[in-house]
Amino acid sequence: MKKVILFLAEGFEEVEALTVVDYLRRKDVAVDTVSITEDNKVKGVHDIVVIADKVINSINDIDSYDAVIIPGGLPGATNLRDNNKVIDIVKKANRNGKLVAAICAGPIVLEKAGVIHGKNVTSYPGFEDELMSGIYIDDSVVRDCNIITAKGPALAVEFAIEIMRYLLGEEKVDELKKDILY
């Protein structure tokens, strides 16, 4: 069974985080939602409080995960970018060839972690100048090797589908699309 971390920080974009969690869990991917503080209650940008499965200091074995996922939203993405443990986990996941995915403003975390150098990336419009080490592509969802990025909330479904495609393959993507009437 595939296993992923999806980080939650105060001000995360709810639809970007929870769509991914929902769709991956539908196909039996073990998703650990992880608060970056010691409080497992995390308030999103639209005042929706989510109870994370774990807190960041309880993550000891990053090698057991197949992917790290970064939702956007502000100040959620900047809170993730400014957390050294998040950056260390993203670096290690990338170094080990694991999937690293970010949506909306989330790619600023990947820039700080140094994992998008020379890679094709996208983000919410206006963040292009913060992704200087990557090659900005004006597409909805961009996959370059083990890096997946997407533009924003309206693309949460496509982002989740591309993550599933990477982790589980086209057959599971087709099953999900049928299940959700996509």
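**View A. D28 in the loop between α1 (14–26) and β2 (30–35).** In this predicted model, D28 has a phi near 65°. That value is positive, and D28 is a residue other than glycine. The relative accessibility of D28 is 54%. D28 is classed as exposed because this value lies above the cut-off, exposed meaning over 50%.

**View B. L181 in the segment after α6 (170–179).** Phi of L181 is near 60°. Here too the sign is positive in a residue other than glycine. L181 has a relative accessible area of 78%, so it counts as exposed.

**View C. The cis peptide bond from L74 to P75.** Omega of the bond joining L74 to P75 is near 15°. P75 sits in a loop, with β6 (67–70) on one side and α2 (76–81) on the other.

**View D. Residues 2–165, the span of a UniProt domain annotation.** The annotation, from an unreviewed UniProt entry, reads "domain: DJ-1/PfpI". Within residues 2–165 of the predicted model, helix makes up 29% of the chain and strand 25%. The C-alpha atoms at the two ends of this span are 12 Å apart.

Note on methods:
Residues are numbered from 1 along each chain as its sequence is written. This is a predicted model: local features need pLDDT of at least 70, side-chain atom pairs count only at pLDDT 80 or more; totals for chains, interfaces and linings use all residues. Side-chain values use heavy atoms; hydrogens and water are left out. Helices (H or I, at least four residues) and strands (E, at least two) are DSSP runs, numbered from the N terminus. Buried means under 20% relative accessible area, exposed over 50%, partly exposed in between (1.4 Å probe, protein chains only). UniProt positions are given in the numbering used here, feature names are shortened, and annotations may be inferred rather than shown by experiment.
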